[in-house]
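The exercises below ask the reader to work through a two-chain structure step by step, from its sheet to its interface. Please look at the sequence and the coordinates before turning to the solutions.

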Amino acid sequence: MVKFLGRRLAASAFMIAIAATIVFFSVHLLPGDPVLILLGEQGAADAEVVARLRAQLNLDAPLYQQYLDWLGGLFSGDLGKSLQTGLPVAEEVLRRIPRSLELIVAGLAFAILLGIPMGVVAARRRAAPAGLAVSAVAVAGFSAPVFVTGILLVIVFSLWLGILPSSGYVAFGADPLGHLAAGLMPALTIGINFMGVVTRMTRASLTEVLRRDFVRAARARGLSHRAAIRRHALPNALVPVVAILGVRAGNLLGGTVIIESLFDWPGLSSLLVSACFARDYPMIQGALLAIFVLFAFISLVADLIQSFIDPRMRTGR
Amino acid sequence: MRKRFAIATMAAMAVFAAPVAGWSAETPERGGTLRYGTVTEVSSLDPHIYVGSAWKVLMEALYSTLVGFNQEAELVPELAESWEQPDAGSVVFTLRKGVTFHDGTPLTAADVKFSLERIQNPDTGATLRPNLEGATITVVDDRTIKIEKPQPDATLMSVLALPEASIVSRQWMGGNPNVKAQANGSGPFMLEDYEPAVKATLVRNPDYFVEGQPYLDGVDFRMIKNHDARVNALRTGAVDMIDFVPWKDIDALGRVSGLVVESAGGAFMNLWFNATKAPFDDPRVRKAFAFAIDREAISKAAFFGHGTPLYGPPTTPDSPYFQEDLAETFRFDPEKARALLAESGHPNGMNVELGVYQGLAIYTTTAQIIQANLKEVGIEANIKLLEWANVVENKNSGNYDVLVYGVSVKLPDPDAYSYYFGAESTYWAKPIGFRDAQLEELLAKGRALTDEAERVAVYRQVEERLLEISPWVFINWREQAQAYRKNVRGYKQLGGALSESSPGIALPQLWIQ
């Protein structure tokens with residue numbers, strides 16, 4: 001187990017280092033100049049001013065030098081300062097991470113709690129009305145674009161019923177209930193989409209596993225159909241489900257742009273998008289680095305869960 | 001819906017304000033917090049670098065200027081209680097007594113000198129640096145400051161009244177604070193909490209120099225970039241007021257009971273030509289574009305009727321500088337456009353690249369209609385969608401054929417034309433090397449005059465020359481709307497150069513019923 005973990009950690013670190021390097025050089029190759037954006041359309045046109053600001057921000061140094069500086073800072077935990085705000089990148093990224101994670105975790109929990117039982121029902125009663133209904137809900141859930149789901153929720157719960165705020169973020173410390181109310185709809189939007197995926201994966205995977213010999217053997221040993229599913233079929237069927245959840249959750253770190261925009265939720269995705277439009281290099285690098293690290297962490301957790309469910313994963317056999 | 005179309009007159013703004021409709025003389029109540037949803041994600045609070053409309057409002061709230069504008073768009077004293085103009089190029093200001101910054105230190109002439117010199121310093125990257133170039137700032141005594149420009153400059157007072165000319169504390173700045181994230185002004189509100197691009201929390205400044213103001217206890221700025229989210233936040237009562245009402249929602253929100261929408265022309269849309277590069281270096285080609293565009297269709301489709309066509313120069317009917325005959329110059333006339341093209345040696349039309357900002361539907365829809373209009377007269381336009389960063393880069397490097405460009409009125413004075421078209425202005429002319437001697441001469445003449453009647457005559461010639469050479473094609477006024485709940489009192493939307501500042505100008509006198 002320890003060996004497995006060590007191997008995975010080393011691989012993750014290597015992957016992050018490569019990705020961070022690619023990001024550093026590719027953001028600098030983007031057309032568009034952060035200095036011009038900083039100065040605004042009026043100030044940006046004065047070549048002397050532009051040159052001076054570029055020097056102040058150390059953007060006139062050769063790219064490899066900037067890379068080495070950035071790398072040097074990285075080892076001491078310094079991600080640099082935002083070109084836009086002059087504030088430390090690490091501070092801003094750390095402020096945003098929990099906001100994104102809580103939406104993802106809540107959405108994930110919703111998706112698992114509803115999606116797996118629904119998937120089981122759909123697999124067991126594929127041709128029955130219950131199974132078809134569940135499948136229909138699942139397909140609607142993951143095929144509806146998130147902005148459609150989100151807007152529908154806003155219309156129903158905010159504009160009609162008036163029970164949930166239509167958008168905005170409230171700090172937990174300032175108002176715990178307000179915080180939960182504000183986060184409910186964005187989390188649900190993620191969850192509904194996720195739930196569809198979980199249901200479909202569970203259904204497909206379970207249907208396949210149910211045909212395997214070991215399930216039949218379990219039934220032959222006198223286990224009830226229900227018990228055979230719970231103890232034998234489902235754990236096996238969940239391995240690919242966990243894998244897909246890990247990848248999807250990782251994607252969401254920087255991929256909830258639409259949801260964050262729609263609900264005016266200041267998370268990691270909106271930070272990254274704003275930074276990209278402003279060509280705020282240190283911020284883009286910092287936000288992406290955070291996403292890589294979290295992504296690596298999530299896939300590690302997903303692997304651990306899978307190896308817990310399926311011991312073959314640990315030994316690589 | 002209380003709508004006044006007191007637009008934009010970059011010219012007359014300061015001089016002739018439209019009368020206020022329905023502005024009641026109720027007694028303001030004190031207290032309450034205004035929750036304001038803004039489109040701009042303000043990422044920097046540096047008081048000398050403009051970053052968007054909500055920034056202007058924040059600066060008006062946190063900082064003060066020597067002079068300012070009131071809700072009638074008149075120039076009024078702010079930090080300066082009085083001033084004299086010994087000649088057309090200089091002003092001597094006498095400062096109010098007893099003004100302090102939010103940190104309690106007194107505001108003196110030395111702070112004014114420091115602030116204006118900070119604007120002049122190229123290291124700052126200040127928005128108004130070109131306007132104050134060459135000015136000498138002298139501290140006469142603690143309460144007296146003299147500003148001299150090398151040439152007469154009729155725009156100086158208006159420039160000093162803009163929030164971009166805010167006065168900062170010399171002592172505070174000496175401590176090297178991060179002015180992008182902190183603030184220490186002498187305005188009606190103090191910064192309590194700020195998260196870049198997300199929110200700003202302001203509380204009343206108990207020592208504000210205007211007795212009894214502000215009425216509000218505080219202002220919560222929530223930066224809500226998503227248009228639907230911003231509108232919904234107002235509809236559901238999560239905020240009291242929003243800016244930049246999407247054009248599609250102006251009429252709809254106006255019909256919601258309990259809400260008020262106020263709009264005025266704040267900017268104008270244009271085609272910018274690379275006027276030194278063939279074939280756009282020929283005025284006949286540019287004028288062909290001007291006649292080819294169906295501005296009525298653009299107003300309807302892109303602005304939902306809130307974009308008055310602009311057939312002449314960007315001066316509004318309520319301005320003393322308005323010339324009725326010029327305002328009809330480029331009525332839709334595809335025949336004339338084809339004739340001009342033929343005359344300029346392009347009887348078979350041409351291919352052009354039409355650069356357009358991709359972030360707002362008003363831009364992309366405008367571009368699509370123009371594309372269809374141009375096709376009618378034989379011009380094949382390829383629309384090139386650009387991110388804002390690329391628009392700015394292309395503009396500053398002069399790397400474009402034709403750009404669809406929205407221009408907010410830069411100054412409440414017709415000298416704004418110098419900013420747009422002056423050969424030394426890096427805004428548009430300089431990057432492409434455009435220079436028109438006749439225009440330059442007229443603009444210099446106008447700037448040096450103080451008598452309004454004489455100025456009107458000069459700026460008529462300026463506008464005639466502009467239409468004759470048409471370096472830009474003016475398309476339409478862009479109404480900017482604010483929407484707020486009926487219990488928010490004391491607001492007034494101004495047009496033109498004061499459009500974006502309107503909420504900031506109103507803030508000390510806003511109150512909640």
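Five exercises follow, each with a worked solution, and they all concern a predicted model.

**Exercise 1. Determine the strand order of the open sheet in chain B, and explain which strands stand at the edges.**

Step 1. Tracing the sheet from one side to the other gives the order S8-S9-S10-S1-S11-S16-S12-S15-S13-S14 in chain B, an open arrangement of 10 strands whose pairing is mixed.

Step 2. The edge positions belong to strand S8 (189-195) and strand S14 (379-386) of chain B, and because each has a single partner strand, one side of each is left without a neighbour in the sheet.

Step 3. An antiparallel pairing is found between strand S12 (residues 259-273) and strand S15 (residues 402-408) of chain B, which are joined by seven bridges. Within this pairing, Ala267(B) has Ser408(B) of S15(B) as its bridge partner.

Step 4. Helix H7 (residues 247-255) of chain B lies across S12 and strand S16 (472-485) of chain B, and it runs at about 170° to S12(B).

**Exercise 2. Describe the surroundings of strand S1 (33-38) and helix H1 (residues 53-62) of chain B, which the helix lies across.**

Step 1. Begin with the partners of the strand: S1(B) runs parallel to S10(B), with six bridges between them, and in this pairing Leu34(B) stands opposite Val219(B).

Step 2. S1(B) also pairs in the parallel sense with strand S11 (residues 241-242) of chain B, here over two bridges, and Tyr36(B) stands opposite Met241(B) in S11(B).

Step 3. Turn next to burial, for which a residue needs 20 or more other C-beta atoms within 10 Å of its own. Five of the six residues of S1(B) are buried, so the strand is largely enclosed by the rest of the structure.

Step 4. Helix H1(B) lies across S1, S8, strand S9 (199-204) and strand S10 (218-223) of chain B, and its direction makes an angle of about 160° with S10(B).

Step 5. The helix is mostly covered, as 10 of its 10 residues are buried, including the charged-type side chains Lys56(B) and Glu60(B) as well as Trp55(B) and Leu58(B). Besides S1, S8, S9 and S10, the cover of these buried residues includes helix H17 (502-506) of chain B.

**Exercise 3. Characterise the fold of chain A and the largest nonpolar core.**

Step 1. Chain A has 14 helices and zero strands, and its C-alpha trace spans about 85 × 55 × 35 Å along the principal axes.

Step 2. Of the 317 residues in chain A, 43% count as buried. Among the contacts in this chain with a separation of 6 or more, 71% are between residues 24 or more positions apart.

Step 3. The largest nonpolar core has 233 residues, and those with the most contacts inside it are Ala287(A) and Leu58(B). Its largest share, 13 residues, comes from helix H8 (residues 176-210) of chain A, while at least three residues are drawn from each of domain 1 and domain 2 of chain B.

Step 4. Once neighbours within four places in sequence are set aside, Ala287(A) is in contact with Val93(A), Leu268(A), Leu271(A), Leu272(A) and Ala275(A).

**Exercise 4. Which elements of chain A give two or more residues to the side that touches chain B?**

Step 1. The contact takes 38 residues from chain A and 39 residues from chain B.

Step 2. On the side of chain A, the elements sought are helix H2 (34-43), helix H3 (47-56), helix H7 (146-160), helix H11 (257-262) and helix H12 (268-278). H2(A) gives the most, with seven residues.

Step 3. Sorted by class, this side of chain A has 16 nonpolar, 15 polar and seven charged residues.

**Exercise 5. Locate the domains of chain B, and decide whether Asp333(B) is buried, partly exposed or exposed.**

Step 1. Chain B is divided into domain 1 (3-12 + 26-224) and domain 2 (267-478), and 32 Å separate their centres, taken over C-alpha atoms.

Step 2. Asp333(B) is found in the loop between helix H9 (295-303) and helix H10 (334-343) of chain B.

Step 3. With 14 other C-beta atoms within 10 Å, Asp333(B) is partly exposed, because that class lies between the limits of 12 or fewer for exposed and 20 or more for buried.

Step 4. Asp333(B) and Ala290(B) are 43 residues apart in sequence, and their C-alpha atoms are 8.9 Å apart in space.

Terms used:
Residues numbered from 1 in each chain as written. Chains lettered and ligands numbered in written order. Predicted model: local features only at pLDDT ≥ 70, side-chain atom pairs only at ≥ 80, totals over all residues. Pairing = 2+ DSSP bridges. Helix = DSSP H or I, 4+ residues; strand = E, 2+ residues; numbered from the N terminus. Contact = placed C-beta atoms within 7 Å. Axes fitted to C-alpha atoms, helices over the stretch in contact; angles between N-to-C directions. Core = buried A, V, L, I, M, F, W, Y, C linked by C-beta atoms within 7 Å. Domains from an automatic or database assignment.
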